[in-house]
Amino acid sequence: MIVTVTLNPAIDISYRVNNFKINKGHRVENGNKTAGGKGLNVSRVLKQLGEHPHCLGFLGGSNGKWIKRQLEIEGLEGSFTQIKEETRTCLAFIDEENSTQTELMEKCPTVSEEEKEEFLETYQQQFKKATLIIASGSLPSWLDSSFYKDMSKLAKEQNIPFILDTSGEPLKLGIEGNPFLIKPNQEELTQFAGKELKTMEDMVEVAIRICNQGVQNVLLSLGEGGAILVRKDVILKANIPSIPVVNPVGSGDSMIAGMAYSINNNLVLEECLRMACACGMANAMEEKTGFVQSQMIKQLLKEINITSID
Ligand SMILES: Nc1ncnc2c1ncn2[C@@H]1O[C@H](COP(=O)(O)OP(=O)(O)OP(=O)(O)O)[C@@H](O)[C@H]1O
Ligand SMILES: O=P(O)(O)OC[C@@]1(O)O[C@H](CO)[C@@H](O)[C@@H]1O
C-alpha cells in the first residue's frame, strides 16, 4: 500500500482569467474547487492509475471537513489528524492568453505539540502495511524544518522507500534523512544550490552531489523541458513533445504519482521516468488539478523519448 502524507493540505480553487492584470477587477466563471495540497493531488492521481493509497495529514475547521467529505466522494481513504486551526485555501489564476499561472497560497495553520505527536503515532502505525511513503508540500508553521528528515529516517529504519517533494529548508534538511527519491523543479534545485544553474550540466552536477549525500534518486522536473533522473550509476533524460496546456498546477504531483505507481509495480527505471512524465503532461492538459486520463497517458507514453547521459 502506498501511503501519502500532506502535512499542509488546501482547498485549491483555480480560475480562468484571460489577460489577468494587477490592480484590476476580473469577472470570472465559477472556480474549479478541489481537495488539494500536493500529497492529496498525488493520491488522486494514484487512484486514477488503479492504486489504493492511504492519505495522512492534518485537517481542521470547515475547510478540513470539506476536504474529508470530498475525499470520501472520490473513494480515497485516509487517517487524518484533526487540528484546532482552519485548513488553508490556495487560489490559482490561469491566464491562457498570456500563458501565465499566478498562485496565492495561504500560510499554514498552527499545529500543537499534541497534534504533532498524534500524527507521528498514526504515521508509524502505517509501517506494517506501507510499501512506499510519499511526503509532499510545505510544512505547517511550528513544525520543525527537520520534520521530513525525521520522517524519512523512521521510514528508512523500516526499509520503506520514502519519496520527498518539498522545497527550501525542509528539503535541505530532508536530504539528510536519505530519502529514496526527491523531486525538485529547477527553481527548487537552484534554491538548494544557492547559485544560478544555467545549463543542464550545472543541474546534473548538483543532483549528483545530492546522490553522493545519500539520496538514491533525484528526479529533476523541468516543466515543458521534460525531466532528468539522476542516480549514482545512471543519468536519464526524458525528452517530451509539446502539448496543448490547459492547467499545469499539480503536474509535479501527478509526476510523483506516475513514478510511485511505476516503482510499486516494479517497472524498469526508463519506464518509471516515461510514466512519470506522461502523468505530469496528462495533468497539464486537463482543467482539474491532479487529474489524468488513462487514454491520454497511453498516447503520451509512445511520444516520450528517454536517452542516457554519460
Ligand atoms: N507546459 C508543459 N508542457 C509539457 N509538459 C509539462 C508542462 N508542465 C508540466 N509538464 C510535465 O509535468 C512534469 C512536472 O512539471 P513541473 O516541472 O512544472 O513540476 P512542478 O514545478 O513541481 O509543478 P507543480 O508545482 O505545478 O505541481 C514535467 O516534467 C513534464 O513532464
Ligand atoms: O504550499 P505547498 O504545500 O508547497 O503547495 C501547495 C500547492 O500550491 O501545491 C499544489 C500543486 O502542486 C496545490 O494543490 C497547492 O495549492
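Which residues does Gly 137 touch, not counting residues up to four places away in sequence? In this predicted model, the answer is Thr 6, Leu 7, Asn 8, Gly 37, Lys 38, Gly 39 and Thr 166. Gly 137 is also among the closest residues to ligand 2, which makes Gly 137 a handy place to begin a tour. From there we can visit the two ligands, three helices and a few residues in loops.

**The annotated domain**

- The UniProt record, an unreviewed entry, places the feature "domain: Carbohydrate kinase PfkB" at residues 11-290.
- Helix makes up 38% of the span 11-290 and strand 23%.
- If you find the two end C-alpha atoms of this span, you will see them 13 Å apart.

**Gly 137, our starting point**

- Look for Gly 137 in the loop between strand 8 and helix 4.
- Gly 137 is buried, because 27 other C-beta atoms lie within 10 Å, and 20 or more are enough to count as buried.
- Gly 137 and Asn 8 are a nice example of folding bringing together parts of the chain: they are 129 residues apart in sequence, yet their C-alpha atoms are 6.8 Å apart in space.

**Around ligand 2**

- Ligand 2 is surrounded by 17 residues, and the closest are Asp 12, Gly 36, Cys 90, Gly 137 and Ser 138.
- Four elements give two or more residues each to this shell: strand 2 (10-16), helix 1 (38-48), strand 7 (100-105) and helix 8 (251-264).
- By character, the shell around ligand 2 has nine polar residues, four nonpolar and four charged.

**Around ligand 1**

- Ligand 1 has 21 residues around it, with Asn 185, Ser 221, Ser 251, Gly 252 and Gly 280 the closest.
- Helix 8 and helix 9 (269-284) each supply at least two residues of this shell.
- Here the shell divides into 11 nonpolar residues, eight polar and two charged.

**Helix 1, an enclosed helix**

- Helix 1 is largely enclosed by the rest of the structure, because 10 of its 11 residues are buried.
- Among these buried residues are Lys 38, Gly 39, Leu 40, Arg 44 and Gln 48.
- Two of them, Lys 38 and Gly 39, also appear in the list of residues that Gly 137 touches.
- Just after helix 1 comes Gly 50, with a positive phi of about 105°.

**Helix 4 and its partners**

- Helix 4 (residues 147-157) has Phe 147, Tyr 148, Lys 149, Met 151, Ser 152 and Ala 155 buried.
- These buried residues pack against helix 3 (113-125), strand 8 (132-136), strand 9 (162-165) and helix 5.
- Asn 159, just after helix 4, takes a positive phi of about 60°.

**Helix 7, a helix with two sides**

- Helix 7 (residues 200-212) has 13 residues and reaches 18 Å from its first C-alpha to its last, close to the 18 Å expected at 1.5 Å a residue.
- The buried residues of helix 7 are Met 203, Ala 207 and Ile 210.
- These three are on the same side of helix 7 because they cover an arc of only 55° around the axis.
- On the other side of helix 7, you will find Glu 201 and Asn 212 exposed.
- The cover over the buried residues includes helix 5 (168-175), helix 6 (186-193), strand 11 (217-221) and strand 12 (227-230).
- Gly 214 follows helix 7 and has a positive phi, near 115°.

**Exposed residues in loops**

- Val 28 sits in the loop between strand 2 and strand 3 (32-36), and Asn 19 is found in the loop between strand 2 and strand 3 as well.
- Val 28 counts as exposed because it has 12 other C-beta atoms within 10 Å, and the limit for exposed is 12 or fewer.
- Apart from neighbours within four places in sequence, Val 28 is in contact with Tyr 15, Arg 16 and Val 17.
- The C-alpha atoms of Val 28 and Tyr 15 are separated by 7.0 Å, with the two residues 13 apart along the chain.
- Asn 19 has a positive phi of about 55° although it is not a glycine, and it is exposed, with 11 C-beta neighbours inside 10 Å.
- Ser 99, in the loop between strand 6 (88-95) and strand 7, is not a glycine either, yet has a positive phi of about 50°.
- Ser 99 is exposed, because 9 other C-beta atoms lie within 10 Å.

Terms used. Residues numbered from 1 in each chain as written. Chains lettered and ligands numbered in written order. Predicted model: local features only at pLDDT ≥ 70, side-chain atom pairs only at ≥ 80, totals over all residues. UniProt positions renumbered as here; feature names shortened; annotations may be inferred. Near = placed C-beta within 6 Å. Nonpolar A, V, L, I, M, F, W, Y, C, P; charged D, E, K, R; others polar. Expected span 1.5 Å × (residues − 1). Arc of directions from axis to C-beta. Contact = placed C-beta atoms within 7 Å.
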